[in-house]
Structures are given as C-alpha cells and as structure tokens.
Amino acid sequence: AWTGQLELTLQKDFVLKKECDLVVIDFSGQDAKSHEVLSDFSQIIAGKHFLIVSDQKDVDLAMDAIKYGAIGFLVKPFKRSELLVSLE
C-alpha cells in the first residue's frame, strides 16, 4: 500500500515549482531530443531523487540518467514491483 501524499503534475518547462521527494521524467513519445532534454534538466534535478520512464529501451539514455544521478530507468509498461525496487 502507498503511504503519504501523492501528487502528480505534468510540467513541460524545466522549473520545479515546489519541493518534492521524487521527480519522474517520462520520455515516452520523445525520440532524438531525450538526451538533450535530460542534459538540460540535469542542473535542476541535481541532488534530487529522480526516476526516468520511457516507452523505448534506450541504453544510452539509461546510462546518461544514471550518470546524472537517477535512481532508476523503467521501460513502459512496467510492473509495480519494478517501480518499488527503484524506489527502495
């Protein structure tokens, strides 16, 4: 069971408007720009817990995500258990 408050917001800009415990970046539907967006966003999410989600297997993007400090990289569709492992 989930505990605590859960708030999901979709943001298309790179400004985190308030404090949060986890940032989920979903690159689904994005092709060539994913690496560029992650690089640009890396300054803003430095030191924060963040998780990358995508609808495509992209080893290079996963490696970049880990390099920038991501706690995980999940490919959709993923199981709840996979999400929980990333959060632990």
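**Entry 1: fold**

I take helices (H or I, at least four residues) and strands (E, at least two) as DSSP runs, numbered from the N terminus. I note that this is a predicted model, in which local features need pLDDT of at least 70, side-chain atom pairs count only at pLDDT 80 or more, and totals for chains, interfaces and linings use all residues. Residues are numbered from 1 along each chain as its sequence is written, and side-chain values use heavy atoms, with hydrogens and water left out. I looked up the content of the chain and found three helices and three strands. Along the sequence they follow the pattern β-α-β-α-β-α.

**Entry 2: whole-chain values**

I recorded the burial of the chain next, where buried means under 20% relative accessible area, exposed over 50%, and partly exposed in between (1.4 Å probe, protein chains only). Of the 88 residues, 25% count as buried. For the accessible area, computed by the Shrake-Rupley method with a 1.4 Å probe and, for residues, with only the protein chains shown as cover, I noted about 6,600 Å² exposed by the chain. Carbon and sulfur atoms supply 53% of that area. Contact here means heavy atoms within 4.5 Å. Among the contacts with a separation of 6 or more, 51% come from residues 24 or more positions apart.

**Entry 3: the sheet**

In which order do the three strands form the open sheet? I read the order as β1-β2-β3, with parallel pairing; two strands pair if DSSP finds at least two bridges between them. The edge strands, each paired on one side only, are β1 (23-26) and β3 (72-75). Neighbouring strands are turned by 20° against each other on average, direction ignored; axes are lines fitted to C-alpha atoms, for helices over the stretch in contact, and angles run from 0 to 180 degrees between N-to-C directions.

I then went through the bridges. β1 is joined to β2 (residues 50-54) by four bridges, and the two run parallel. V24 stands opposite L51, I25 opposite I52, and D26 has V53 as its bridge partner. On the other side, four bridges join β2 to β3, again parallel. There I52 is partnered by F73.

**Entry 4: faces of the strands**

In a regular strand the side chains alternate between the two faces of the sheet. For β2 I found five of its five residues buried. F50, I52 and S54 lie on one side, L51 and V53 on the other, and both faces are covered. For β1 I found a covered face with V23 and I25, and an uncovered one with V24 and D26.

**Entry 5: helix packing**

Two packed helices are described by the angle between their axes and the distance between the axes. I looked up α1 and α2 (residues 59-67) and recorded an angle of about 5°, with the axes 10 Å apart. Angles under 35 degrees count as roughly parallel, over 145 as roughly antiparallel, 65 to 115 as roughly perpendicular and the rest as oblique. α1 is therefore roughly parallel to α2. The contact is made by S34, H35 and L38 of α1, with D60, L61, D64 and A65 of α2.

**Entry 6: S54**

Is S54 buried or exposed? I placed S54 in strand β2, and at 4% relative accessibility it counts as buried. A polar atom of its side chain lies 3.1 Å from the backbone nitrogen of Q56. With neighbours within four places in sequence left aside, S54 is in contact with D26, F27, S28, F73, L74, V75 and K76.

**Entry 7: S86 and K48**

I located S86 in helix α3 (residues 80-87). With 14% relative accessibility, S86 counts as buried. Not counting residues up to four places away in sequence, S86 touches L51, I71, G72 and L74.

K48 has its place in the loop between α1 and β2. Its relative accessible area of 27% makes K48 partly exposed. Which distance separates K48 and A70 in space, C-alpha to C-alpha? I noted 8.6 Å, for two residues 22 apart in sequence.

Methods
Polar contact = N/O pair within 3.5 Å; in protein donor to acceptor, adjacent residues only side chain to side chain.
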